[in-house]
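Reader: I have a new structure open and would like to talk through the labels it has been given. Could you take me through the reasoning behind them?

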Amino acid sequence: MKTTVVRTTLEGLVAKSHAHRTKQGSSVFYTTAATSEPATAEPQQEAVAG
């Protein structure tokens, strides 16, 4: 796997706020973004005959 593929993928995650980028000296570190609430499926509505 090429470094450019990994870097591009990580930068895409940063752009979508799914990851954070921090720089320490000449190194760049990526960490997952903490989510405030878990992703849930859309609630389904039931049709009620009346």
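Reader: How do you know that Arg21 counts as partly exposed?

Author: A word on the source before we start: this is a predicted model. Arg21 has a relative accessibility of 42%. Buried needs under 20% and exposed needs over 50%, with partly exposed in between, so 42% puts Arg21 in the partly exposed class.

Reader: What makes the contact of Arg21 and Glu11 a salt bridge?

Author: The label asks for a side-chain nitrogen of Lys or Arg within 4 Å of a carboxyl oxygen of Asp or Glu. The side chains of Arg21 and Glu11 meet at 2.3 Å, N to O, so the pair fits that limit. Arg21 belongs to strand E1, residues 19-24, and Glu11 to helix H1, so this pair ties together parts that are 10 residues apart in sequence. The structure holds 1 salt bridge.

Reader: And Glu11, why does it count as partly exposed?

Author: Its relative accessibility is 29%. That value lies between the 20% and 50% limits, so Glu11 counts as partly exposed.

Reader: Let's step back to the fold. What is the order of the elements from the N terminus on?

Author: They run α-β-β, with 1 helix and 2 strands in the protein.

Reader: How do you know that the span of helix H1 agrees with its number of residues?

Author: H1 covers residues 3-15, which makes 13 residues. The expected span is 1.5 Å times one less than the number of residues. For H1 that should give 18 Å, and its end C-alpha atoms are 18 Å apart, so the two values agree.

Reader: What comes just after H1?

Author: Ser17 does, with a positive phi of about 65 degrees, although Ser17 is not a glycine. This residue sits in the loop between H1 and E1. At 55% relative accessibility, Ser17 is over the 50% limit, so it counts as exposed.

Reader: Why are E1 and E2 called paired strands?

Author: Pairing requires at least two bridges between the strands. E1 and strand E2, residues 27-32, are joined by 6 bridges, and they run antiparallel. With 6 set against a minimum of two, the strands therefore count as paired. Among the partners, Lys23 is matched with Val28 in E2, and Arg21 is matched with Tyr30 in E2. Arg21 thus has a bridge partner in E2 as well as its salt bridge to Glu11.

Reader: What lies between E1 and E2?

Author: The two strands form a hairpin with 2 residues between them. In the turn, Gly25 has a positive phi of about 70 degrees.

Reader: What makes Ala33 buried, and what makes Ala34 exposed?

Author: Ala33 has 16% relative accessibility, which is under the 20% limit, so Ala33 counts as buried. Ala34 has 77%, which is over the 50% limit, so Ala34 counts as exposed. Ala33 is found in the segment after E2, and Ala34 lies in that segment too. Of the 50 residues of the protein, 6% count as buried.

Reader: Which residues does Ala33 touch, leaving out those up to four places away in sequence?

Author: Ser17, His18, Ala19 and His20. Each of these counts as a contact because heavy atoms lie within 4.5 Å. The C-alpha atoms of Ala33 and His20 are separated by 5.9 Å, with their places 13 residues apart along the chain as the separation. For Ala34 and Ala19, the C-alpha distance is 8.4 Å, at 15 residues apart in sequence.

Reader: What about His20 itself: where is it, and how is its exposure classed?

Author: His20 is in strand E1. Its 43% relative accessibility falls between 20% and 50%, so His20 counts as partly exposed. With sequence neighbours up to four places away left out, His20 touches Val14, Phe29, Tyr30, Thr31, Thr32 and Ala33. His20 and Thr32 are 12 residues apart in sequence, and their C-alpha atoms are 6.2 Å apart.

Reader: Last one: which residues form the nonpolar patch on the surface?

Author: Met1, Val5 and Val6, with about 340 Å² of accessible area together. Val5 lies in helix H1. A patch residue needs over 30% relative accessible area, and Val5, at 43%, is above that limit while counting as partly exposed.

Note on methods
Residues numbered from 1 in each chain as written. Predicted model: local features only at pLDDT ≥ 70, side-chain atom pairs only at ≥ 80, totals over all residues. Heavy atoms only, no water. Helix = DSSP H or I, 4+ residues; strand = E, 2+ residues; numbered from the N terminus. Buried < 20%, exposed > 50% of the residue type's maximum accessible area, 1.4 Å probe, protein only. Patch = residues over 30% accessible without salt bridge, like charges linked within 9 Å, V, L, I, M, F, W, Y side chains within 5 Å. Areas by Shrake-Rupley, 256 points an atom, 1.4 Å probe, with all protein chains shown as cover.
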